[in-house]
Amino acid sequence: MPEQSTDTPLPLQDLVITGFRGIRDLSVGRLGRVTLLAGKNGVGKSTVLEAVRVFAARGRDPVLAEVLQGRDEVVVPDDDDGRMTMPDFTALFYGRDQGRSSFSLGPTDPSLRVRVEEADLPDEQGSLFEKLVPDSALDGPIRGLRSVFRGVQRFFPVVTSGSEGDTGVRYSWATPHTARILRRALDEGKYPGAISCLSLGPGVLPNDEIARYWDAIALTPHETAAVNALRLVMGERVQDVTVVGDAGRLRSSTRRPTGLRPSRKAIVRLQGSSHPVPLKSLGDGAVRLFGVALALANSQDGLLVIDEVENGIHYKLQADFWRMVLAAAQANRVQVLATTHSFDCIRGFAEASAEVADSASALVRVVRRDGETWAVEYSEKDLRIAAKQAIEVR
């Protein structure tokens, strides 16, 4: 078992969330190398993962947009025919407050947190935005989002959308082309760099992401780790894995329309089988385990967040799964935060954590009552007791 590196501090030792989405205030006093967030549905576990993504990105607008679009929190411009949607930035703020709103995310030390707030644009940036965005899109005052990290500010203009008398002012994004021009004009180079942060949702990885993650570790020792993850499900029947398909553009002589990319997919060679089989034919559990192993290998020195981590994984495999995650997180210097509402997942996590010396794992139960959210933290001793006595900690 690889030993935990002692010279690589965690990107997030602890976490404070204020005014972000459905969380008014939440403090987690200790995060581990691997942290499992447990709790009932709707208490805000996924929101904590979103907060970590935004913190890692230092509040940059592309990640803010991804968070909103992932929840279908979008608006259709009033002058649009419905073919285009844009992120509804008011959904980022607690209670979707009108007027000036803000949220902050990050460690207990306030000077290390990211703050995002509504703000009036500086005159020179507002003038630039007016030139870049068609007049038809400007059906309200031009305002913006301002991200602040370590004393450095970054503005991004948005367009307000809402008819007269509308109680909700919605904020939509500029077009991708306009956004690129604005980033160059706003001197992105002065803003602090982001932390690498990969995100896995509740479902299995699509083929294109599997192929991209595989390409990044091809012909490295990480291949063996990914294959071993599959063997947790399939046993020693798994002989080898690869990704097939042309990553380039198709020639016009093919039967497919010119310019379309062919589908790339992972295939697995099984003992006793004359032909390889598609990875996805082995079931969601195999794909989930393989995807997590790939993500861990691609997250070195960064963060990995996994929503509903137990999905697709049989309850008897949970302890083996967490042993793999704990070992890979230590070896690759990855900080992992995952959510679950499964007791089998928690029990497997507790069992694996108790077996791995200096696992630096943490279990946090997220609770919500009467609109307030708080964290119940469990020590490594608590985890060992829970594993031994099968105590319910959800």
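Good morning. I shall begin with a pair of helices: the axes of helix H6, residues 222-234, and helix H8, residues 318-332, come within 10 Å and cross at roughly 170°. That angle makes H6 roughly antiparallel to H8, since the threshold for that description is an angle over 145 degrees. On the H6 side, the residues that meet H8 are His-222, Ala-229 and Leu-232. Their counterparts in H8 are Asp-320, Phe-321, Met-324 and Asn-332. Sorted by class, this contact has 4 nonpolar, 2 polar and 1 charged residues.

I should state at this point that the model is a predicted one. The chain has 394 residues, of which 49% are buried. Its secondary structure comes to 10 helices and 18 strands. Among contacts in the chain with a separation of 6 or more, 68% are between residues 24 or more positions apart.

Let me turn to a second helix pair. The axes of H1, residues 45-56, and H2, residues 61-70, come within 9 Å and cross at roughly 160°. H1 and H2 are therefore roughly antiparallel to each other, and their crossing is right-handed. H1 contributes Glu-50, Arg-53 and Val-54 to the contact, while H2 contributes Val-63, Leu-64, Glu-66 and Val-67. By class, the contact of H1 with H2 has 4 nonpolar, no polar and 3 charged residues.

I now come to the sheet. In what order do the 6 strands of the open sheet run? The order is E11-E15-E16-E3-E17-E18, and the pairing is mixed. Strand E11, residues 197-200, and strand E18 stand at the edges with a single partner strand each, so one side of each is left without a neighbour in the sheet. From one strand to the next, the twist averages 20°.

At the E11 edge, E11 pairs with strand E15, residues 303-306, in the parallel sense over 4 bridges. Within this pairing, Cys-197 stands opposite Leu-303 of E15. Helix H7, residues 284-297, lies across E11, E15 and strand E16, the last of these spanning 335-340. H7 runs at about 175° to E11.

At the E18 edge, strand E17, residues 361-369, and strand E18, residues 372-378, pair in the antiparallel sense over 7 bridges. One of the bridge partners in E18 is Ala-375, which is matched with Val-366. E17 and E18 form a hairpin with 2 residues between them. Which residue in the turn has a positive phi? It is Asp-370, with a phi of about 55°.

Thank you for your attention.

How values were computed
Residues are numbered from 1 along each chain as its sequence is written. This is a predicted model: local features need pLDDT of at least 70, side-chain atom pairs count only at pLDDT 80 or more; totals for chains, interfaces and linings use all residues. Side-chain values use heavy atoms; hydrogens and water are left out. Two strands pair if DSSP finds at least two bridges between them. Axes are lines fitted to C-alpha atoms, for helices over the stretch in contact, and angles run from 0 to 180 degrees between N-to-C directions. Angles under 35 degrees count as roughly parallel, over 145 as roughly antiparallel, 65 to 115 as roughly perpendicular and the rest as oblique. A crossing is left-handed if the near helix is turned anticlockwise from the far one by less than a right angle, and right-handed if clockwise. Contact means heavy atoms within 4.5 Å. Ala, Val, Leu, Ile, Met, Phe, Trp, Tyr, Cys and Pro count as nonpolar, Asp, Glu, Lys and Arg as charged, and the others, Gly among them, as polar. Buried means under 20% relative accessible area, exposed over 50%, partly exposed in between (1.4 Å probe, protein chains only).
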